[in-house]
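Open the model in your viewer and keep the sequence panel beside it, so that each stop on this tour can be selected in turn.

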Amino acid sequence: MLTGYSVDGDTLHVILHCNLDITTRAAAALEIEALIRSHGPRRVTRSQDGH
């Protein structure tokens, strides 16, 4: 799922594992939705970890 996230002003930065199967992608999507609901960012950025 998510490796981590940070909030910088009105931007939510999420970091994902680079190799996610379909089930884990769905779980990550739910986790991102929950972060968006709780933090209310205007922008969301995504990056992948290097593993």
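**A tour by selection**

Begin by selecting Thr45, which has a relative accessibility of 23% and therefore counts as partly exposed, a class that lies between buried (under 20% relative accessible area) and exposed (over 50%), worked out with a 1.4 Å probe and protein chains only. Before going on, note that this is a predicted model, in which local features need pLDDT of at least 70 and side-chain atom pairs count only at pLDDT 80 or more, while totals for chains, interfaces and linings use all residues. Residues are numbered from 1 along each chain as its sequence is written, and side-chain values use heavy atoms, with hydrogens and water left out.

Keep Thr45 selected and colour strand β3, residues 43-48, to which Thr45 belongs; strands here are DSSP runs of E with at least two residues, helices are runs of H or I with at least four, and both are numbered from the N terminus. Now show the neighbours of Thr45: leaving aside residues up to four places away in sequence, Thr45 touches Thr11, Leu12, His13 and Val14, where a contact means heavy atoms within 4.5 Å. With His13 there is also a polar contact, side chain to side chain, at 2.6 Å; the term stands for a pair of N or O atoms within 3.5 Å, and within protein one must be able to donate a hydrogen and the other to accept it, while residues adjacent in sequence count only if both atoms are side-chain atoms. If you then draw a distance from the C-alpha of Thr45 to that of Ser6, your viewer should give 10.0 Å, although 39 residues separate the two in sequence.

Next, select Thr11, which is in strand β2, residues 11-16. Is Thr11 buried or exposed? Thr11 is buried, because its relative accessible area is 8%. Outside the residues up to four places away in sequence, Thr11 touches Ser6, Pro41, Arg43 and Thr45, and its side chain makes a polar contact of 3.5 Å with the side chain of Asp10.

Move on to Thr3 in strand β1, residues 2-8, which counts as partly exposed because its relative accessibility is 43%. Its contacts, again not counting residues up to four places away in sequence, are with Ile15, Leu16, His17 and Asp49. The C-alpha atoms of Thr3 and Ile15 are 5.4 Å apart, with the two positions 12 residues apart along the chain.

For the helix, select Leu30, which lies in α1, residues 22-39; at 55% relative accessibility, Leu30 counts as exposed. From Leu30 to Gly9 the C-alpha distance is 22 Å, for a separation of 21 residues in sequence.

Finally, clear the selection and look at the whole protein chain, which has one helix and three strands, in the order β-β-α-β from the N terminus. The radius of gyration is 11 Å, close to the 10 Å that the globule rule gives for 51 residues, so the chain is as compact as a globular protein of that length; this radius is taken over C-alpha atoms, and the rule is 2.2 Å times the number of residues to the power 0.38. Along its principal axes the C-alpha trace spans about 30 × 20 × 10 Å, and 24% of the 51 residues count as buried. Among the contacts with a separation of 6 or more, 61% come from residues 24 or more positions apart.
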